[in-house]
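Colleague: I'm new to this one and could use a guided tour. Could you start with the whole chain and then take a close look at a single part?

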Amino acid sequence: MYFQQNITLKSYIEDVWLPRKKNEVKISTYARYEGLTRRIIEYLGNEEIAKMKPADIYYFYDELRECCSEHCVYIPTELCVNLLKKNYTRPQTVKLANIGLGTVDALRAGKAVKITTAERISKLLKLPKNELFTMRSSPLSTRTIHHYHALLFQICKEASYDEVIANNFMNRVRPPKVVQSQADYLDVDQTKQLFKALEEHGEYPYVTLLKLITFTGMRRGEACGLEWQDIDFTEKTLSISRTCNYVPSVGIYTDTPKTPQSKRSIAFDETVKQLLMKHYNRQLEQKKRFDWHETDRLFTKPNGDDINPSSVTKYFHKFVEKYNLPECHVHSLRHTNASLLIAANTPITTVAGRLGHSDPSTTLRIYSHQLSAENKKAGNAIEQLLCV
């Protein structure tokens, strides 16, 4: 393939690199590449790739540090707080706006809330959202900026293979420093609180799905991709061999797990066995009531079709907010599983294997907070043994 000597980065990405990657990577990975390359093209797209230098990339990173993520929060204005306190009691706000009591308390204290809450309050008070709330966007995380660095490195590496550039100038670009963030997780009491709320108020099939993720540490897509053939009730194990994913351009689709190590077997106990048996019997009843499409999936729509993983996330966010539960998301349940295993002195290699991490060092990095706590306990234990 012949490349013009003055080809821009935009042309190389859109006409060469992305079409090539569409045939080489997973659908979800390609969708992520499309999302990341939009900002790269916006800031660097008109540059002739053969003339680019490290300084151009450092400029881009500086611009990214000034950018905001797509996740915004809404801060109640003084007008909003005063109107809520003056016109409605806390229980009235809960009922009329269909939000949790904890969210109401946050509003009355002037704390940040999600856009769905802001829209409900705007409807309740019959005033525009921009008069009742101030929108605030958080800056891009250092890890996200590092993702841009890694992607640019890949693009320029292939450009050098294609002889569009003489060498990969990204080799001379220092990677942005990543500030490690602590994984979000629930402690034992918070997990029990969540389970109690799910038992009392949760909907089928989300109760079983969310509990199963907490008990096993599976990823959301892995849970949605489970089939009954993957469950061994005799040996009390389940096998991860596929994922169910969703991207807007494709819809719901089935794929292989994230990494080769993600194909794994997870042992479970009698509690999980009973949870799954109950779910199995519930699904048998559902098959009789609906025009059923057999897929062998554990978690489905009422007619047996694949469940959208995004619907699990949306349901859980609403559930957490409605029942005033500790702030968390679906992936927090995976982190909760790992943190509780570590607290129970489970070997880190075992934890890594159950989570499907390719290297135990990944587990060590993500859950350093929990390991630090266990390290302190170990220090106290040795002191109690020796200083008697």
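How many positive and how many negative side chains does the protein chain have, and how far apart do the centres of the two sets lie? After that, I'd like the close look to be at helix α9: which of its residues are buried, and what do they pack against?

Modeller: Sure, charges first. The protein chain carries 54 positive and 44 negative side chains, with the centres of the two sets 4 Å apart. Lys and Arg count as positive, Asp and Glu as negative, while His and the chain ends are left out; each charge is placed at NZ of Lys, CZ of Arg, CG of Asp or CD of Glu.

Before we zoom in, keep in mind that this is a predicted model, where local features need pLDDT of at least 70, side-chain atom pairs count only at pLDDT 80 or more, and totals for chains, interfaces and linings use all residues. Residues are numbered from 1 along each chain as its sequence is written, and side-chain values use heavy atoms, without hydrogens or water.

The protein chain has 18 helices and seven strands, read as DSSP runs numbered from the N terminus (helices are H or I with at least four residues, strands E with at least two). Its C-alpha atoms fill a box of roughly 70 × 65 × 60 Å along the principal axes. Of the 388 residues, 43% are buried (under 20% relative accessible area; over 50% is exposed, and in between is partly exposed, using a 1.4 Å probe on protein chains only).

Now for α9. This helix covers residues 142-161, 20 residues in total, and reaches 29 Å from its first C-alpha to its last, close to the 28 Å expected at 1.5 Å a residue. That expected span is 1.5 Å times one less than the number of residues.

The buried residues of α9 are I145, Y148, H149, L151, L152, I155, C156, E158, A159 and S160. If you're wondering about spacing in general, an α-helix has 3.6 residues a turn, so residues three or four places apart point the same way. The buried residues of α9 pack against three helices, namely α1 (9-22), α2 (27-44) and α3 (54-66), where a contact means heavy atoms within 4.5 Å.

Follow the chain past α9 and you come to E163, whose phi is positive, near 60°. As background, most residues other than glycine have a negative phi. K236 also has a positive phi, near 55°, and you'll find K236 in the loop between β3 (231-232) and β4 (237-240). K236 is partly exposed, at a relative accessible area of 25%.
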